[in-house]
Amino acid sequence: MFYFIVVLLIIFWVYIKFFRNRKNRNGQYASSSEEKQNRELVEKLKNEASNGVVQSMIWLGDIYSQGPTGIPRDERKALKYWKMAADYGNTDMSFKAGLLIGRLDENYVEAFRYIKCAADAGNPDAMYTLANFLANGWGCQADKHAAYHYMKLAAESGQKNAIYELQNW
């Protein structure tokens, strides 16, 4: 009888530990219906993304980068969808993809290409990042003059790190 009670207590503990206390990103308890809705949403977005809907590509990248309830966090999948959106001309996703390529793959040549595309489209954060790539020779030939040019453009666009660094250039 003692062992039976011990087994029941273990089963109860496992239930409480792993099944009952599932919280979502906001610290609220997640429900299986919330997980189901998230999975259904992802499937719908995947279908739309495969048909060329850029906003769906962006949302999928964001979903996979954050891992909401029921969807495992997967930066490789996030990168896949952000690159798709960038290839369709979305320069903000070009910047995000470039950062993730540099961090995950350490392929600075490809990262440089995506970040430069966003910088040339006027993204101040991309300009600042590109200036650092150029100054350090990450994925490109080091070019202090081009680095200064992009740092100055970023500062003129209000990028706070660029403003600070330009004072010490």
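This is a short tour of the structure above, from the whole chain to one pair of helices.

Before you start, note that this is a predicted model, where local features need pLDDT of at least 70, side-chain atom pairs count only at pLDDT 80 or more, and totals for chains, interfaces and linings use all residues. Residues are numbered from 1 along each chain as its sequence is written, and side-chain values use heavy atoms, with hydrogens and water left out.

**Whole protein.** Show the cartoon: you will find nine helices and zero strands (DSSP runs of H or I with at least four residues for helices, of E with at least two for strands, numbered from the N terminus). Now switch on the surface, which comes to about 10600 Å² of accessible area, 55% of it belonging to carbon and sulfur atoms (Shrake-Rupley method, 1.4 Å probe). Of the 169 residues, 36% are buried, meaning under 20% relative accessible area.

**Helices α6 and α7.** Next select residues 108-120, helix α6, and residues 124-136, helix α7. Their axes (lines fitted to C-alpha atoms over the stretch in contact, with angles from 0 to 180 degrees between N-to-C directions) come within 8 Å and cross at roughly 140 degrees. That makes α6 oblique to α7, since oblique covers what is left after under 35 degrees (roughly parallel), over 145 (roughly antiparallel) and 65 to 115 (roughly perpendicular).

**Between them.** Show side chains for the contact (heavy atoms within 4.5 Å): α6 contributes residues including Y108, F112 and I115, and α7 residues including M127, L130 and F133. By class, this contact has 11 nonpolar, one polar and one charged residues.

Key: Buried < 20%, exposed > 50% of the residue type's maximum accessible area, 1.4 Å probe, protein only. Nonpolar A, V, L, I, M, F, W, Y, C, P; charged D, E, K, R; others polar.
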